[in-house]
Every structure is written in structure tokens, then in C-alpha cells.
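Here are my notes on the model you sent over. I've kept them as numbered points so you can pick them up one at a time.

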There are 2 protein chains.
Amino acid sequence: MWETLERSPTSFLVNLAMAKKEDRTAPLLQIQVKINEKLFLKDPDSTELGRKIVSEGVKLIDKIGFEELTFKKLAHEMSSTEASIYRYFENKHKLLIYLISWYWNWLQYKLTLAVFNLNDPEEKLLVAIKIFTHTYGGIPAQTPMDLEALYRIIISESPKAYLTKEVDTVNQEGAYLNYKRFTRQVADLLTEINPDYAYPRALISTAIESAHDQKYFSEHLPSLTEVSEGKKEEVRTFLTEMIFRTIQS
Amino acid sequence: MWETLERSPTSFLVNLAMAKKEDRTAPLLQIQVKINEKLFLKDPDSTELGRKIVSEGVKLIDKIGFEELTFKKLAHEMSSTEASIYRYFENKHKLLIYLISWYWNWLQYKLTLAVFNLNDPEEKLLVAIKIFTHTYGGIPAQTPMDLEALYRIIISESPKAYLTKEVDTVNQEGAYLNYKRFTRQVADLLTEINPDYAYPRALISTAIESAHDQKYFSEHLPSLTEVSEGKKEEVRTFLTEMIFRTIQS
DNA sequence: TCGTTAATGATAGTAAAGCTATTAAAACTA
DNA sequence: TAGTTTTAATAGCTTTACTATCATTAACGA
């Protein structure tokens, strides 16, 4: 149905044209994942080194955790130097924000494409839930970014991106725009389904955070959830039920 | 109806006897908040200095944030020394875990007392929600611990206590027992109300985390929620509705 | 009241983290 | 080929996150 081709960690090509046979030779539609310029000192997508910082950064954070990450270690891992990395990102916190921003942008595209041909808002919502619970198969992205690792980072590190004393400043720089946009888009579906429901955004942000928490709990603090480890579908089932029951009129 | 008297940051007296006039002179029932011994090197509740570390620690974390906290700063704040603090807590992360553990223990007592004379599980649940959304007035605790500051710490720092690579080790040391116990207790109420509901714990842990998130969002990322800043009751309304609708059969 | 012990304070020191600056080599561009 | 940009290499500085030592004081028991 569609196909995604590699370009760089932060851009990807989506061949929507593939759907129609006569268009097979048409040029690919490139969707550039635009990341706010204030999130980096120098666009990591613009150079080989920059892209490596991002993709290796994902691997290393996934491996040792965000607190254990240092630019020195990362530099060593990719046989570069600390100083070089500092030219791209002010500090490791900004790198994390960049990755998270990238993730939400990617999910947004996934969502946009996935609901493209759907009309029923309930169906759309089901797809949206699949997407943020990481149970939506479609749209393969062949980016050098390890998406599974990135998802694990989202689960276990993303609250650290906003739970900091600098939230307000960083927020003004647009760090969380992509997350907000995604949330709004899904929340709007709730409103389509039931215009009278008073807390669509609160419910979606709750569900998104819960998706991550429940996965994490199932692995590390299993007595906080009935979801069992490894069963991706269970989180989705739980949240789908929660959302639909909550918004019913 | 009852009264809480000061003792130390980690223990408090609750005068249940006050309820009955004839018992006015009866000795107070002391409820010791028992904190797992593995969470500290030396019981901070056992000495003046230890208690000060805890109460000043709360103030300082609230003021500058957890990442900015250092034992040096804390020592300076309380005119003591770094080395002295290290005699009580292995590191600042353990201090945070201690505070959080203390908080959940305190909520547990609040809950136990508050539902004491209630029979209807739905009523009990309403009270439980009030308690974890911080909208339950009752039970004043006159502890030197600044409870409002502690609550702000819970909101903005508590995920950091479990989102770490050492979760599993720390978990084995019983760091999260109080949180788990509280969650279980509330989840059991859901089961009482509807024995067929499949995800009581997941729903309660979701609601508890959401209570914190929504408050945080309303202050710092308002487009993620309809809850407006400062309106405590709104989070409760949102979550009460969500929970009751979700568990209905 | 003395002597012992435990708790704290004072001081010092170490390794790593979190940067910044300087220079030189390499790569790419005009 | 000269000039500009990018990266690597190196060094250095401040702060964090500890650990160790020792003197002083308070507490406590005989």
C-alpha cells in the first residue's frame, strides 16, 4: 500500500503513489520530519556526524539509560569526540528532547497516513490508539534510527523531558509542540464522536502516558497492573475500553 | 473528629479517641510510619539531624528541583556538612525514594482512617480519589514536613524514582511497597464495586499517575489538558468520571 | 564523676561529569 | 589552489558525587 524509504534518521520518503499502479514511476513524496530549530545548535540531520549522534544516541540511551549517558561515552561509542557532539546539542537533555520530538512527529505522520482513507471517527480513534500503544503494524520506516529502541526510550525516559525546572523555557522553544499536536489531533476525534465530552485532551494525554506507564509497570512493577509483560495488545485493550466508556454520552 | 499531633517528620500521632468524649484523656494512638530499612543507611527519624535532612530536603527539592539538588547545597542550607548527610542516605536518589515512600505511607493512613466508618464501596472509592487527587481536607498532619511541598515533589519528581536503570534492584529493596500497597487497596474497591472489571490495578495506577500529570500539564503544558491551573477539583471530577464509567458493567 | 561510645563537624582528597577553548588537520567550496 | 567550514585532538576548568580521616562534642552507663 505504501512504502517508506531510507534517507536519514530525521527524514523519510513515503511512496503514497505505490497504491496506484500507473504511478509506480512517479517521484516519491518526501516527507521531511521538521524538527524545531531551537532544539539543536546545529541541525543533526544536515551532516553524517549529526545523524550518527542521533542514531547512536538512541542506541546508547536504550542500553545504559539516560542518567548514565554522557557525551564522552557517546563520542567514544561512535569514535568521535565530546567537543564535536557539543556542537550539535547543548547538552544531553536537549538531545533527549530532540529524540522525543522526532518520535511524536513520526507518530503524527503515521496517524495522518493511517486515517487517510477512513471516515468513521470511531474507526480513526481505534487506529490512533493502536498507534500510540505501538500495536499498529503498517508503515514501515527504514530509517537508521532504531525505532524499537526509540520506543523503549519514550517509555522509560520521556517524562524526564518535561519534568524539569526548565519546562517553561524549553516549552517556549517549542520542544513539546509535536507531542501537543498529536494529542490535539486524537482529542479532536473524541470531540467528533461525542461533542459533549468535557475532557478530550486530558483523557488522551492520560491514555498516552498510561500506555507507557503500563508497559513499564508490567515489566518492572507488575503488581501495579494486570497487564502482563510482553503482551502489547493488553495495554491497547485496557485503554480502548477506558476511552470509549469514558466518552460515551 | 480526629487530630494529628507532631512528633517527627516520619511518625505522627493520631487521636482517634477524640471522637468519643469520654476518651478525651486517653493516651494518643501513635501510628509510626514505618519506612523500609533498606531505603537509608541510618534511620533519619532517629535523630534530630536526620529529621532535618528530610524536612529541609523536601524544601530544597521543591525549590530548586531534584536534578539541581546536591548534598552539598542541602548541607549548606541546614548548616551541616555533606559527609553528615551521606551517613543517612547513600545518594540523593535514595533520599527521593524515601520521601516518596513516606508520602504513600501517609496517604495510606489517610485512606484507612477516612474510609473507617464507611460501608459503601462506591463512597469509599470517592474518598480514595479525593485523597490521591489531594482534595481531601480531613486529617491534618502537623509534621515538620512541608506536606504541600512534598505533594509538589510527588507531582514533578516521583516518576524519576522508578524510571531508572536500577528499578529492579531498588524494587527488591522494597522501595515501592507503599505505592503498591496503596494502589492495591484502592483497586480492591473497584473489584468490590464490579468484580468483573478486568483491570482494576491498571486503572488505578493510571488514575494516580494522571492526577499528577494533569496537574503538571495544567501549569506548564496547558494545551495537553482542559484542566485549568489551580483548579484542584477539576482533576478529581475528570478522574472520578473516568473511573466510574470505565468500571461500569 | 569518669570513661566509653556514638554522632557530628571539619577538612581533604579523588574520579568522573559537564562543560569551554585552542589548535591543527581534513574535507569541501569558490 | 586558496579559502572556508567541519571535525578531531588535546587540554583545562568547575562542579558533582562521593570516601576517608580525625578532632570534637553529646549522650550514657558504671
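1. Starting with the layout of chain A: going from the N terminus, its elements run β-β-β-α-α-α-α-α-α-α-α-α-α-α. That comes to three strands and eleven helices. Keep in mind throughout that this is a predicted model.

2. On packing within chain A, 42% of its 249 residues count as buried. If you take the contacts in chain A between residues at least 6 apart in sequence, 62% of them join residues at least 24 apart.

3. Next, the protein–protein contact. Chain A puts in 44 residues, and chain B puts in 44 residues. On the chain B side, the elements that give two or more residues are α6 (147–157), α7 (159–162), α8 (167–172), α9 (177–193), α10 (200–220) and α11 (232–247). Which element of chain B gives the most to this side? That would be α10(B), with eleven residues.

4. As for the chemistry of that chain B side touching chain A, the residues split into 16 nonpolar, 14 polar and 14 charged. I'd put that breakdown right beside the list of helices, which runs from α6 to α11 of chain B.

5. Now DNA strand C. There are 14 residues around this strand, and the ones that come nearest are A:A83, A:N91, B:L49, B:S80 and B:S84. The elements giving two or more residues to the surface here are α3 of chain A, plus α1 (48–64) and α3 of chain B. The largest share, three residues, comes from α3(A). By class, the surface near DNA strand C has six polar, four nonpolar and four charged residues.

6. Then DNA strand D, with 13 residues around it. Coming nearest are A:L49, A:S80 and A:S84 from chain A, along with B:A83 and B:N91 from chain B. Here α3 (82–86) of chain A and α3 (82–86) of chain B each supply at least two residues of the surface. The top contributor is α3(B), which gives three residues. The class breakdown near DNA strand D is six polar, four nonpolar and three charged residues.

7. One thing I'd spell out in the text is how the two strands read side by side. Near DNA strand C, the nearest residues include A:A83 and A:N91 together with B:L49. Near DNA strand D, they include B:A83 and B:N91 together with A:L49. Likewise, α3(A) gives the largest share near DNA strand C, while α3(B) gives the most near DNA strand D.

Methods. Residues numbered from 1 in each chain as written. Chains lettered and ligands numbered in written order. Predicted model: local features only at pLDDT ≥ 70, side-chain atom pairs only at ≥ 80, totals over all residues. Contact = placed C-beta atoms within 7 Å. Helix = DSSP H or I, 4+ residues; strand = E, 2+ residues; numbered from the N terminus. Nonpolar A, V, L, I, M, F, W, Y, C, P; charged D, E, K, R; others polar. Near = placed C-beta within 6 Å. Buried ≥ 20, exposed ≤ 12 C-beta atoms within 10 Å, placed from the backbone.
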